[in-house]
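Trainee: I have a new model open and would love to go through it with you. Could we take it piece by piece?

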Amino acid sequence: MSSVFVYCEIEDGQVADVSQELLTKGRTLANELKCKLEAIAIGSKLDKVGDQIIPYGVDTLYIADDERLFPYQTLPHTSIVVNLFKEQKPQIALMGASSIGRDLGPRVSSALHSGLTADCTSLVIGDHYDKKQDKNYENLLYQIRPAFGGNIIATIINPDCRPQMATVREGVMKKEILDPKYKGKVVKLDVAKYVSDEDFVVEIIERHMEKSKVNVKGAPIVVAGGYGVGSKENFKLLYDLAEVLGGEVGASRAAVDSGLAGHERQIGQTGITVRPKLYIACGISGQIQHRAGMEESAQIIAINTDPEAPINSIADYVITGDVAEVIPKMIKYYKKN
Ligand code: FAD
């Protein structure tokens with residue numbers, strides 16, 4: 001029986017958010033395909049990762065544990081994944097569209113002569129009829145992602161490639177534990193069988209980690225500013241509102257490009273994806289590239305001088321007005337209440 005396979009990224013003993021999201025999605029896909037969900041974790045001191053990964057509904061977790069395998073290195077990680085995939089022959093293989101997944105995914109797919117769709121925002125199972133060959137394909141992975149600068153949403157299939165491989169953007173899918181007591185199997189790999197000494201050609205001398213203090217992605221409320229905010233002075237109002245509401249400040253690309261906000265706050269196709277409980281879009285027109293990063297928010301409030309602004313069509317509440325007038329009123333109101 002074939003499987004859906006998830007590559008799990010581990011940092012400081014913790015499974016990365018994007019991997020947890022993929023495990024959740026992987027479980028749904030495996031249910032639809034009536035197959036197993038399998039996963040791999042590669043690194044060092046991985047004794048406890050099984051407790052984090054199996055509850056997502058993982059039937060088999062393969063662990064490659066060796067002190068030389070942390071931090072991530074392209075060649076040994078590629079060899080392990082390629083050799084394991086040759087053995088296990090998964091039907092679908094998923095990785096995060098993170099710096100690791102973007103490095104590893106193409107190498108694995110090239111070694112296996114399969115395709116790879118990068119930066120997917122959605123994955124579904126569907127059938128396909130190929131007119132030329134008069135052939136029907138059942139249960140293919142539809143890999144959905146923005147294309148042509150975000151102007152279209154493309155659905156990509158690779159009918160004859162196995163595994164069907166995709167990298168998926170962080171934050172676009174939910175993470176949800178299936179069952180804390182799920183009965184999955186942990187298989188410890190004999191690392192020497194999967195890598196050779198030649199794979200360890202890189203010596204890491206020092207490692208610097210810079211953790212951003214800004215946590216727009218994890219904030220329950222995001223107050224996002226666009227080009228329409230107009231000035232740094234007005235942008236300061238957004239920080240004040242975010243503070244009163246216990247949220248964080250995000251920005252459109254136009255706001256970032258014009259120096260109103262830092263790049264780490266950019267939301268959208270080329271920035272981060274957020275799904276807060278409340279998203280307040282201030283002076284943002286709502287172009288598709290921006291919407292790609294926020295339209296899954298639970299509630300959206302749009303503040304815009306233009307009653308026809310595209311953002312209004314996805315907003316739950318629309319305030320037609322100037323941000324410089326509306327936001328001080330909101331701050332005053334929420335401070336009182
Ligand atoms: P504008 O489109 O200029 O909109 C400003 C809005 O403010 C208008 O609706 C206006 O009515 C309103 N306004 C003006 N004055 C006021 C006021 N005083 N009070 C209230 N409202 C006011 N964009 C992103 O955001 N994120 C991305 O990741 C991203 N990636 C991209 C990738 C590619 C390949 C491309 C081609 C584009 C990308 N863009 C991205 C850019 C995107 O297409 C838009 O240009 C951008 O989102 C527009 O930003 P904006 O809404 O702030 O500015």
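Trainee: Which residues of helix 1 are buried?
Mentor: Keep in mind that this is a predicted model. Buried here means under 20% relative accessible area. In helix 1, that applies to V18, S19, Q20, E21, L22, L23, T24, G26, R27, L29, A30 and L33.

Trainee: How many of the 17 residues of helix 1 are buried, and what follows from that?
Mentor: Helix 1 covers residues 17-33 and reaches 24 Å from its first C-alpha to its last, close to the 24 Å expected at 1.5 Å a residue. It is largely enclosed by the rest of the structure, because the number of its buried residues is twelve.

Trainee: What residue follows helix 1, and what is its phi?
Mentor: Look just past the end of the helix at residue 33. There you find K34, whose phi is positive, near 55°.

Trainee: Which residue does the side chain of D59 meet in a salt bridge, and where does that partner lie?
Mentor: D59 lies in the loop between helix 2 (49-53) and strand 5 (60-65), and its partner is in helix 1, so the pair ties together parts that are 32 residues apart in sequence. Both residues are buried. The N to O distance is 3.2 Å, and the partner is R27.

Trainee: What is the nearest side chain of opposite charge to D199, and how far away is it?
Mentor: D199 lies in the loop between helix 5 (191-194) and strand 13. Leaving aside neighbours within four places in sequence, its contacts are Q73, L75, P76 and S79. A salt bridge needs a nitrogen and an oxygen within 4 Å. D199 is buried yet has no salt bridge, and the nearest side chain of opposite charge is R68, at 8.7 Å.

Trainee: Which residues are linked with R68 in a network of salt bridges?
Mentor: The count for the model comes to 13 salt bridges. In the network you ask about, R68 is linked with D66 and D197.

Trainee: Which residue forms a salt bridge with K217?
Mentor: K217 sits in the loop between helix 5 and strand 13, while its partner is 47 residues apart from it, in the loop between strand 11 (164-168) and strand 12 (185-188). K217 is partly exposed, with a relative accessible area of 34%, and the partner is partly exposed at 29%. Their closest N and O atoms are 2.5 Å apart, and the partner is E170.

Trainee: What is the strand order in the open sheet of five strands?
Mentor: Strand 14 (248-251) and strand 17 (317-320) stand at the edges, each with a single partner strand, so one side of each has no neighbour in the sheet. Neighbouring strands are turned by 20° against each other on average, direction ignored. The pairing is parallel, and the order is 14-13-15-16-17.

Trainee: Which residue of strand 17 is the bridge partner of I301?
Mentor: Strand 16 (residues 299-304) and strand 17 run parallel and are joined by four bridges. For I301, the bridge partner in strand 17 is Y317.

Trainee: Which helix packs on the sheet touching strand 15, strand 16 and strand 17?
Mentor: Helix 6 (residues 232-245) lies across strand 13 (221-225), strand 14 and strand 15 (278-282), running at about 175° to strand 13. The helix you want makes about 135° with the direction of strand 16 and covers residues 323-336; it is helix 9.

Note on methods:
Residues are numbered from 1 along each chain as its sequence is written. This is a predicted model: local features need pLDDT of at least 70, side-chain atom pairs count only at pLDDT 80 or more; totals for chains, interfaces and linings use all residues. Side-chain values use heavy atoms; hydrogens and water are left out. Two strands pair if DSSP finds at least two bridges between them. Helices (H or I, at least four residues) and strands (E, at least two) are DSSP runs, numbered from the N terminus. Axes are lines fitted to C-alpha atoms, for helices over the stretch in contact, and angles run from 0 to 180 degrees between N-to-C directions. Contact means heavy atoms within 4.5 Å. The expected span of a helix is 1.5 Å times one less than its number of residues. Buried means under 20% relative accessible area, exposed over 50%, partly exposed in between (1.4 Å probe, protein chains only). Lys and Arg count as positive and Asp and Glu as negative; His and the chain ends are not counted.
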